[in-house]
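Got your viewer open? Here's a walk through one chain, stop by stop, with something to select at each.

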Amino acid sequence: MAACALGLIHRVLPAPSYPWGLAGRVHVVATRPDARRRGYARAVVRALLDELRTEHVTLFELHASQEAAPLYREFGFADSPALMRMTHLEEPGGRLPDRRT
């Protein structure tokens, strides 16, 4: 296998732009290093987006590296200043680690 793409479908509140309440996240796109720059990533992303559309997904999300962003813009993805992330790590037993040290 030279390249693959993995998408996840999750529910969101329905809205006019996504009436079925389904969003698709492009979770992983990977190309073997020796197979890069041959259009494989473009092909697997196109196939993944087409498949997600058959599942009534109308909202698409992803996190892109700077290197990959031009490819996703070709498909119509736009940068979003609203994207925020948080990592929450707990110690065993559900306690938060003491970060004062």
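How many bridges join strand E1 to strand E2? Select residues 3–11 for E1 and residues 22–31 for E2, and you'll be looking at 9 bridges between two antiparallel strands. Keep in mind throughout that this is a predicted model.

**Getting your bearings**

Zoom out for a moment and colour by secondary structure. The chain has 2 helices and 3 strands, and starting at the N terminus the elements come as β-β-α-β-α. There are 101 residues in the chain, and buried ones make up 21% of them. If you switch on a surface, what you see is about 8,000 Å² of exposed area, with 54% of that supplied by carbon and sulfur atoms. Here's one for the contact-map fans: take contacts between residues at least 6 apart in sequence, and 53% of them join residues at least 24 apart.

**Along the E1/E2 pairing**

Back to the two strands. Pick Ala 5 and look across to E2: Val 29 stands opposite. Now click on Gly 7, whose bridge partner in E2 is Val 26.

While you're in E2, select His 27, which sits in this strand. Is His 27 buried, partly exposed or exposed? Its relative accessible area is 46%, so His 27 counts as partly exposed. Setting aside neighbours within four places in sequence, His 27 is in contact with Leu 6, Gly 7 and Leu 8. Try a distance label from His 27 to Leu 8: the two are 19 residues apart in sequence, yet 6.6 Å apart in space from C-alpha to C-alpha.

**The loop between E1 and E2**

Next, select Pro 14, found in the loop that links E1 and E2. With 56% relative accessibility, Pro 14 counts as exposed, because the cut-off for exposed is over 50%. What does Pro 14 touch, leaving aside its neighbours within four places in sequence? Show the side chains and you'll find Pro 14 in contact with Pro 19 and Gly 21.

**A buried threonine in E2**

Go to Thr 31, which also belongs to strand E2. This residue has 14% relative accessibility and therefore counts as buried, since anything under 20% does. Leave out the neighbours within four places in sequence, and the contacts of Thr 31 are Ala 2, Ala 3, Arg 36, Tyr 40 and Ala 41.

**Over to the third strand**

Now add residues 59–62, strand E3. In which sense does E3 pair with E2, parallel or antiparallel? The pairing is parallel, over 4 bridges. Two places to look: Gly 24 stands opposite Phe 60 of E3, and Arg 25 has Glu 61 as its bridge partner in that strand. To see how the chain gets across, select residues 40–54: this is helix H1, and the path from E2 through H1 to E3 is a right-handed β-α-β crossover.

**The whole sheet, and the helix across it**

Show E1, E2 and E3 together. They make an open sheet of 3 strands in the order E1-E2-E3, with mixed pairing. E1 and E3 are the edge strands, each pairing on one side only. Tilt the view and look at the twist: on average, neighbouring strands of this sheet are turned by 30 degrees against each other, ignoring direction.

Bring H1 back into view. Which strands does H1 lie across? Follow the helix and you'll find that H1 lies across E1, E2 and E3, running at about 25 degrees to E1.

**Last stop: two rings**

Finally, hunt for aromatic pairs. Searching the whole structure turns up 1. Select Tyr 72 and Phe 77: the ring centres are 6.1 Å apart and the planes lie at 80 degrees, so this is an edge-to-face pair. Are these two residues buried or exposed? Both Tyr 72 and Phe 77 are buried.

Terms used:
Residues numbered from 1 in each chain as written. Predicted model: local features only at pLDDT ≥ 70, side-chain atom pairs only at ≥ 80, totals over all residues. Heavy atoms only, no water. Pairing = 2+ DSSP bridges. Right-handed = clockwise from strand over helix to strand, strands pointing away. Axes fitted to C-alpha atoms, helices over the stretch in contact; angles between N-to-C directions. Contact = heavy atoms within 4.5 Å. Buried < 20%, exposed > 50% of the residue type's maximum accessible area, 1.4 Å probe, protein only. Areas by Shrake-Rupley, 256 points an atom, 1.4 Å probe, with all protein chains shown as cover. Phe/Tyr/Trp six-rings, centres within 6.5 Å; stacked < 30°, edge-to-face > 60°.
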